[in-house]
Amino acid sequence: MRRIALPAVVSVVALVGSIGSSNNQPDRRQADWLLVVLVLIGSVSLYWLRTHPVPILWATGASTLVYMLREYGYGPIVLSFVIAVFAAIRAGHRSAGWAAIAALYAGHVLGRFVLGINDQNVYQILLVGTCFLVLGFLAELFRSHQDRVAAANRTREEEELRRAGEERLRIAQELHDVVAHHISLINVQASTALHLVDRKPEQAAPALSAIKDASKEALVELRSIVGILRQNDESAPRQPVAGLERLDHLISGTSRAGLEVHTIVHGDPRPLPTGLDRAAFRIIQESLTNVVRHAKATAATVRIQYGEESLVLQVDDDGESLTGPPHEGNGISGMRERATALGGTLTVSRTPTGGLRVVAHLPLEARTSGQADV
């Protein structure tokens, strides 16, 4: 519709204006059939302007030049040429646009000289040339503005894509932490229940109860994360944002899986930024998950030190006496990414007894990151 509207509107305006100006200027040539043809060539050709900007530019320029050399009345005949110049330069055909402007100006000056039309002095010729220069510069300014707008839109789209990518990574990490921790507890308790169900069935009940609690908590956290993905007004079950205030609950659930966990706190506990609080909780959670799944340990120690400039976390276990650097899987990589996102560090090493030691240094004034908050 817009493709038809432009040539239609320009045709009406150019025809009415050109015919009226020619008939109202006695010293100019009166309107005739050729005037109508020239005006329609320029205006109707705008229909193909989007697909063929350069040919249409020259077509409108040629019709405008003939109109001017025929000495019809001064009118809006140049409207089609102006639109074509703007469209060509905007589309990147800058050389063609300036060449068409120069050709129209040169054709106007030389054509009048060849045809013996000497009713313009030097100042009028320079004035016409100035008008053509202004047309070219305005078209360039328009193109430059469009380029800036397009660049700003591309930057915004790239930023949105980057943030969406960071959000997907953050949610993937959350899912990994939640599922890995609770499934590990369920696996351990299920193994215990299967071992006891025939020999000591009365002792299998606590293990089954722990499985029920772990699965329930996993479902609640998964619904909370899925609620974020929905991003609509539907209500979704949510639990408080995971933070160190839930550490006792985490340790209680882990202890029920058969791992004795001791907590040691140095310094004065105080409220932490949401991103830092969540990252600290998830690092401790993932560390204990790794102990339950891989370390074959019976006890673990969680140390939390509140310093003036940083929060230090350390998780040790009494697992198998091994030597050499520990193997780093997705869990450790995820913990390190969380620490790095906050401007901190995370190291994994062996304890003097051969167990695993995870140490995280998290600055209290953590920089903003896509993984900092939920």
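A residue counts as buried when its relative accessible area is under 20%, and as exposed when that area is over 50%. The legends below apply these terms to a predicted model.

**Figure 1. Thr64 in helix α3 of the predicted model**. Thr64 has a relative accessible area of 0% and is therefore buried. Leaving aside residues within four places in sequence, its contacts are Ile77, Val78, Phe81 and Leu104. Of the elements that these contacts involve, helix α4 covers residues 78-90, and helix α5 covers residues 94-114.

**Figure 2. Helix α3 and the helices that surround its buried residues**. Helix α3 comprises residues 53-69, and its 17 residues should span 24 Å at 1.5 Å a residue; the end C-alpha atoms are 24 Å apart, so the expected and modelled spans agree. Pro53, Ile56, Leu57, Thr60 and Gly61 are among the buried residues of α3, as are Ser63, Thr64, Leu65, Tyr67, Met68 and Leu69. The buried residues of this helix pack against α1, α2 (33-44), α4 and α5 (94-114). Just after α3, Glu71 adopts a positive phi of about 60°.

**Figure 3. The packing of helix α1 with helix α4**. Two packed helices are described by the angle between their axes and the distance between the axes. For α1 (residues 2-23) and α4 (residues 78-90), the angle is about 145° and the axes lie 9 Å apart. The contact brings Leu6, Val10 and Val13 of α1 together with Leu79, Ser80 and Ile83 of α4. By class, five of the residues in this contact are nonpolar, one is polar and none is charged.

**Figure 4. The open sheet of five strands**. The strands follow the order β1-β2-β3-β5-β4, and their pairing is mixed. At the edges are β1 (260-266) and β4 (345-350), each of which pairs on one side only. On average, and with direction ignored, neighbouring strands of the sheet are turned by 10° against each other.

**Figure 5. Strands β1 and β2 with helix α8**. Strand β2 (residues 299-306) runs parallel to β1, and seven bridges join the two. One position in this pairing is Val261, whose bridge partner in β2 is Ala300. Helix α8 (residues 247-255) lies across both β1 and β2, and runs at about 155° to β1.

**Figure 6. Glu309 in the loop between β2 and β3**. The loop that holds Glu309 leads to strand β3 (310-317). Glu309 has a relative accessibility of 68% and therefore counts as exposed. Not counting residues up to four places away in sequence, Glu309 touches Pro363 and Leu364. The C-alpha atoms of Glu309 and Glu365 are separated by 7.6 Å, although these residues stand 56 residues apart along the chain.

**Figure 7. The chain as a whole, for orientation among the close-up views**. The chain contains 10 helices and five strands. Of its 374 residues, 41% count as buried. Among contacts with a separation of 6 or more, 71% come from residues 24 or more positions apart. The accessible surface of the chain comes to about 20700 Å², and carbon and sulfur atoms account for 60% of this area.

Notes
Residues are numbered from 1 along each chain as its sequence is written. This is a predicted model: local features need pLDDT of at least 70, side-chain atom pairs count only at pLDDT 80 or more; totals for chains, interfaces and linings use all residues. Side-chain values use heavy atoms; hydrogens and water are left out. Axes are lines fitted to C-alpha atoms, for helices over the stretch in contact, and angles run from 0 to 180 degrees between N-to-C directions. Helices (H or I, at least four residues) and strands (E, at least two) are DSSP runs, numbered from the N terminus. Contact means heavy atoms within 4.5 Å. Ala, Val, Leu, Ile, Met, Phe, Trp, Tyr, Cys and Pro count as nonpolar, Asp, Glu, Lys and Arg as charged, and the others, Gly among them, as polar. Two strands pair if DSSP finds at least two bridges between them. Buried means under 20% relative accessible area, exposed over 50%, partly exposed in between (1.4 Å probe, protein chains only). Accessible areas come from the Shrake-Rupley method with a 1.4 Å probe; for residues, only the protein chains shown count as cover. The expected span of a helix is 1.5 Å times one less than its number of residues.
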